[in-house]
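This report looks at one helix and two sheets. Please have the sequence and the structure at hand.

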Amino acid sequence: MFGSAKAQALIAAVESAGYGAEPIVDMREAERTRAEQDAKTYQKRLRGSAISLTLAIPLMLSMLFFHPHPMGLGRLYWLGIGLLTLGIMAFPGRHFFVNAWKQFKHHQANMDTLVALGTGTAWLYSMAVVLFAPWLPEVAQGIYFEASAMVIGLILLGNAMELRARGRTSDALKRLLDLQSRTARVIRDGHEQEIEIDAVRTGDQIRVRPGERLPVDGDVIEGQSHIDESMLTGEPLPVAKGAGDEVSAGTVNGRGGLIYRATRVGSDTRLGQITEQVASAQNSRPPIGELADQVSSVLSLPSWLLPY
């Protein structure tokens, strides 16, 4: 009950920050769901980047040869460009502004805040020039629609590349999860029974038949066999195991049968620790990313503008 209450409190805290969360019941299922979501987000970011750069690159190149004054027919030209740029900001770049608003409400700022402020300010200033050019001095008639579209397009491309790199780590994590057995054959009170891997306890006696993968770490108490430990050590030759020897979860039993006592179960096994480290590395941010957010929090908004 305490664990359930603690999980609900954590979920409530995450939701109060403007995000979503749910407890992980099955790590395999959670990883599959996360991989599917990342794949969808990758396609969305890549498509958004292509749309943004399709406007930004030709516009930036054309400005070297064609840059009409924002009055008369030139005003209509820039008004159309401004509306197209607004579409880029409202659709492919929407999440930058949504995330920036969430950060603002919690008195924080990150890279999304900088992107939203930079692109939004450039668009607003450019649109003001288009609308009020006749009343502005010539030196103040700069237009920066292409900058807004280019920044959004390039950052979306970077986001897509980051998701693709994380997908490679996801493949490694899935391979590690596939090494974990779902069930174990346990001897309790003289009776042998097959139970879910989560139900195995330290001290249980585990029987492993020839060719089976070991479900948990332990010490051999009966039998002799050769264990393929290549997934842990990289050693291609099976290692002889007998009474008193240590065995690890995820390794594969050879032709002999073994009975061993469980010493480490669940995430405490060597395989479980490796899996958790890979999962942690997958979800962690590099130091340069944290530094960027810290710099963003200083540069984005002065303290007197933050809501209290």
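In helix α3, the residues Gly74, Trp78, Ile81, Gly82, Thr85, Ile88 and Met89 are buried (under 20% relative accessible area; exposed means over 50%, partly exposed in between, with a 1.4 Å probe and protein chains only). These buried residues lie on the same side of α3, because they cover an arc of only 110° around the axis (taken from the directions from the helix axis to the C-beta atoms). An α-helix has 3.6 residues a turn, so residues three or four places apart point the same way. Leu73, Leu76 and Leu83 are exposed on the other side of α3.

The model is predicted: local features need pLDDT of at least 70 and side-chain atom pairs pLDDT 80 or more, while totals for chains, interfaces and linings use all residues. Residues are numbered from 1 along each chain as its sequence is written, and side-chain values use heavy atoms, without hydrogens and water.

Helices (H or I, at least four residues) and strands (E, at least two) are DSSP runs, numbered from the N terminus. Two strands pair if DSSP finds at least two bridges between them.

Both sheets are open, with antiparallel pairing: one has three strands, the other six.

| Strand order | Edge strands |
|---|---|
| β6-β5-β8 | β6 (239–241) and β8 (252–253) |
| β2-β1-β3-β9-β4-β7 | β2 (191–196) and β7 (246–247) |

In the three-stranded sheet, β5 (residues 225–228) pairs with β8 over two bridges, and Ile227 has Asn253 in β8 as its bridge partner. In the six-stranded sheet, β4 (residues 217–222) and β9 (residues 258–264) pair over five bridges, with Glu222 opposite Ile259 in β9.
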